Amino acid sequence: TMEQALDRVRGLIGFAGDWTELAAFLPDGWHADPGRRRSATAATFAATLELARQGKLEISQSGNFAPITLRRRAERPQHD
């Protein structure tokens with residue numbers, strides 16, 4: 001579900017280095033089954049869009065059909 005994907009991405013985004021492909025955030029063992037892979041990819045992508053909307057990560061794609069990559073957004077210092 002998207003809620004599970006949100007939890008998964010939140011938990012992993014801090015451990016990812018720089019730009020990391022979206023596929024790296026899919027649950028282990030889900031790559032082998034095409035139906036499960038599509039479902040997990042859709043839920044994970046929706047979760048990343050929500051986290052980008054919240055300002056927690058950045059999403060990038062270098063061109064049409066290129067892999068989607070993401071990284072944690074650097075926190076900006078708050079001014080008083």
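Where in the protein is confidence lowest, and where is it highest? This is a predicted model, so that comes up front. The low point is α1, at a mean pLDDT of 74. The high point is strand β2, residues 57-61, at 92. Across the protein the mean pLDDT is 82. Of its residues, 85% reach 70 or more.

Now the core. The largest nonpolar core has eleven residues. They are A5, L6, V9, I13, L22, F25, A43, A47, L51, L57 and L70. Which elements give two or more residues to it? Two helices do: α1, 2-13, and α2, 34-53. α1 gives the most, with four residues. Keep in mind that α1 is also where confidence is lowest.

Next, two threonines. Start with T48, in helix α2. Is T48 buried or exposed? Its relative accessible area is 1%, so T48 is buried, the cut-off being under 20%. What does T48 contact, leaving aside neighbours within four places in sequence? V9, L22, L57, I59 and L70. Among the core residues listed earlier are V9, L22, L57 and L70.

Then T20, in strand β1, residues 20-21. T20 has a relative accessible area of 16%. That is under 20%, so T20 counts as buried too. Not counting residues up to four places away in sequence, T20 touches F25, I68, T69 and L70. F25 and L70 belong to the nonpolar core. T20 has a polar partner as well: a polar atom of its side chain lies 3.2 Å from the backbone oxygen of D18.

One residue to look at on screen is L70. L70 is in the core, in contact with T48, and touched by T20.

How values were computed:
Residues are numbered from 1 along each chain as its sequence is written. This is a predicted model: local features need pLDDT of at least 70, side-chain atom pairs count only at pLDDT 80 or more; totals for chains, interfaces and linings use all residues. Side-chain values use heavy atoms; hydrogens and water are left out. A nonpolar core is a set of buried Ala, Val, Leu, Ile, Met, Phe, Trp, Tyr and Cys residues joined through side-chain atoms within 4.5 Å. Buried means under 20% relative accessible area, exposed over 50%, partly exposed in between (1.4 Å probe, protein chains only). Contact means heavy atoms within 4.5 Å. pLDDT is the predictor's confidence in each residue, from 0 to 100. A polar contact is a pair of N or O atoms within 3.5 Å; within protein, one must be able to donate a hydrogen and the other to accept it, and residues adjacent in sequence count only if both atoms are side-chain atoms.
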